[in-house]
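Reader: I have a structure open on my screen and would like to know what stands behind the labels people attach to it. Could you walk me through them?

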Amino acid sequence: MSKKLPGSQSPWISTAVGSVGFTIGTETSEAITVACQFKDQSGVDLVAPANLRYYIASDSAGLNYAAAASGGIAGGTDGSLKENVTGINGEATCEADGDLDVVITDNTTRTVYLVFVLPDGTLAVSSAVAFA
């Protein structure tokens, strides 16, 4: 079996999500919005909706699921979310321009990381989402 080439070297054009950019907002009323930008395998913003699995992790490598966010996880003004396990994981769909807002609400002092599972199985992990 031949080894899969990385997306940037693949001879086939793909619209699959290759990476996710994250912008962490400030905490307001126990909620933090994480603005996400889904990008293709060349690093260009997507031009069609895409769906990825997500979860919150307790470590920056995304290896350990965090305890549930006390107020849950919801979609913001861009894209949509469906929680599978309330406050921990689910499915996220970006808008046609690749934008997605994820709102995490928690009343405890802790740090979590938003993680997306990319189509090739690798993880896109945000920087720290810190609740005071």
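**Labels and the values behind them**

Author: Gladly! A search of this whole structure, which is a predicted model, finds 2 salt bridges.

Reader: What makes the contact between Asp 45 and Lys 39 a salt bridge?

Author: The label asks for a side-chain nitrogen of Lys or Arg within 4 Å of a carboxyl oxygen of Asp or Glu. Here the N to O distance is 2.9 Å, so the pair of Asp 45 and Lys 39 meets the cut-off of 4 Å.

Reader: And how do you know that Arg 110 forms a salt bridge with Asp 106?

Author: By the same test: the closest N and O atoms are 2.6 Å apart, and the limit is 4 Å.

Reader: Why is Asp 106 called buried or exposed?

Author: Buried means under 20% relative accessible area. Asp 106 has 2%, so it counts as buried. In the other salt bridge, Asp 45 is at 36% and Lys 39 at 22%. Those values fall between 20% and 50%, so both residues are called partly exposed.

Reader: Let's turn to the backbone. What makes the phi of Ser 29 worth a remark?

Author: Most residues other than glycine have a negative phi. Ser 29 is not a glycine, yet its phi is positive, about 50 degrees. Glu 30 also has a positive phi, near 70 degrees, and is likewise a residue other than glycine.

Reader: Where does Ser 29 lie?

Author: Ser 29 lies in the loop between β1 (19-24) and β2 (31-39), and Glu 30 is in the loop between β1 and β2 too. As for cover, exposed means over 50%; Ser 29 has 70% relative accessibility and therefore counts as exposed. Glu 30, at 39%, counts as partly exposed.

Reader: How many helices and strands does the chain have?

Author: There are 0 helices and 10 strands, so β-β-β-β-β-β-β-β-β-β is how the elements run from the N terminus on.

Reader: What makes β1-β2-β7-β4 an open sheet?

Author: These 4 strands come in that order with antiparallel pairing. β1 and β4 (73-75) stand at the edges with a single partner strand each, so one side of each has no neighbour in the sheet. From one strand to the next, the twist averages 30 degrees.

Reader: How do you know that β2 and β7 are paired?

Author: Pairing takes at least two bridges between the strands. β2 and β7 run antiparallel and are joined by 7 bridges, so the requirement is met. One example is Ala 35, whose bridge partner in β7 is Asp 101.

Reader: And how do you know that β4 and β7 pair?

Author: They have 3 bridges, in the antiparallel sense, against a requirement of at least two. Gly 75 stands opposite Val 102 in β7.

Reader: Why is β7 described as largely enclosed?

Author: Because 6 of its 7 residues are buried, β7 is largely enclosed by the rest of the structure.

Reader: What makes a group of residues a nonpolar core?

Author: Its members must be buried nonpolar residues joined through side-chain atoms within 4.5 Å. The largest such core has 26 residues, of which Val 20, Cys 36, Phe 38, Ile 104 and Phe 116 touch the most other members. At least two residues of this core come from each of β2, β3 (51-57), β7 (99-105), β8 (110-117) and β10 (129-131). The largest share, 4 residues, is from β2. Apart from this core lies another, of 5 residues, among them Tyr 55, Ala 57, Val 115 and Val 117.

Reader: Which label fits Thr 86, buried or exposed?

Author: Thr 86 is found in the loop between β5 (80-85) and β6 (89-93). With 59% relative accessibility, it is over the 50% cut-off and so counts as exposed. Thr 86 and Ser 70 are 16 residues apart along the chain, and their C-alpha atoms are separated by 9.0 Å.

Reader: To finish, what share of the chain is buried?

Author: Buried residues make up 36% of the 132 residues. The chain exposes about 7,100 Å², with carbon and sulfur atoms supplying 54% of that area. Among contacts between residues at least 6 apart in sequence, 57% join residues at least 24 apart.

Terms used
Residues numbered from 1 in each chain as written. Predicted model: local features only at pLDDT ≥ 70, side-chain atom pairs only at ≥ 80, totals over all residues. Heavy atoms only, no water. Buried < 20%, exposed > 50% of the residue type's maximum accessible area, 1.4 Å probe, protein only. Contact = heavy atoms within 4.5 Å. Areas by Shrake-Rupley, 256 points an atom, 1.4 Å probe, with all protein chains shown as cover. Axes fitted to C-alpha atoms, helices over the stretch in contact; angles between N-to-C directions.
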